[in-house]
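Work through the following exercises with the sequence and the 3D structure at hand, and try each task before you read its solution.

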Amino acid sequence: MKVAIKDTNGVDKGEQEATFTPVDDDKGNQAVHEAVVAYNAAQRSGNACTKTVAEVAGTGAKPWRQKGTGRARVGYKRNPIWRGGGVAHGPKPRVYIKKLNKKVRDLAVRKAFTERVKDGQVIILDGLKFDKPTTKELAKTLNALGIDPRKPATTKFKSAVLVTGEVDNNIALSARNIERVRSTTSDTLTTYEILWPDVLVFTTAGYKKFEERLNN
């Protein structure tokens, strides 16, 4: 398998042979599914919350005496069957994170990346470097690669993930203002981020470091 290399003007600079071990066609599909489900679950935040008898406001005094009034016996106003009382067995904020075995997670990343390389949806971008954040220049570079979410009819790709070797604030700040373009590092690239965009764009250092991660 080979990965295309291009410069910031979109000019082809040849191809690079992939050195990581690809995943066979009949393996890794379940791992990818589990990884994507776990990623989406981790994005959820539990915000449903009700107050229990211990948390609701109200006195703990007995409203009336136990016997002799003709009314039903009751211990306190905060009980669940009274209006304004606590809720019995109500929802509380919860964590939706699903634990994923490291081997399954690594297999999912390799499987997803293998398929993107096979489909020609991975580009190594040579020379991507900014002295300061500049959305204009980054958008110009992406357009040269055929990436423009505003013109889906005339461009090849509508979304992209930029992958750098280390955290690059100039690239990250430039990318966050462009619709359907995200930036991350090769160490934190997830299965979901590999599958989400139309194309993966690596810097030279980012691709080298990501292959080292796959080989390890």
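**Exercise 1.** Find the residue in S2 that is the bridge partner of Ala4, and describe how S1 and S2 are arranged.

*Solution.* Begin with the single contact: in this predicted model, Ala4 has Glu15 as its bridge partner in S2. Next, widen the view to the two strands, where S1 (residues 2-7) and S2 (residues 12-17) run antiparallel and are joined by 4 bridges. Finally, look at the connection, since the two strands form a hairpin with 4 residues between them, and Gly10 in the turn has a positive phi of about 85°.

**Exercise 2.** Decide whether S1 and S3 run parallel or antiparallel.

*Solution.* Locate S3 at residues 122-126, and then follow the 4 bridges that join S1 to this strand; the two run parallel. As one bridge to check, Lys6 is partnered by Leu125 in S3.

**Exercise 3.** Classify the ring pair of Phe113 and Tyr207 as stacked, tilted or edge-to-face.

*Solution.* The structure holds 8 aromatic pairs. In the pair of Phe113 and Tyr207, the centres lie 6.3 Å apart and the planes stand at 45°, so the pair is tilted. Then place the rings in the chain: Phe113 belongs to helix H2 (residues 102-118) and Tyr207 to helix H6 (residues 204-215), so that the pair links distant parts of the chain, 94 residues apart. Both Phe113 and Tyr207 are buried. As a last step, note that these two residues form one aromatic cluster together with Phe20, Phe202 and Phe210.

Definitions and conventions:
Residues numbered from 1 in each chain as written. Predicted model: local features only at pLDDT ≥ 70, side-chain atom pairs only at ≥ 80, totals over all residues. Heavy atoms only, no water. Phe/Tyr/Trp six-rings, centres within 6.5 Å; stacked < 30°, edge-to-face > 60°. Buried < 20%, exposed > 50% of the residue type's maximum accessible area, 1.4 Å probe, protein only. Pairing = 2+ DSSP bridges.
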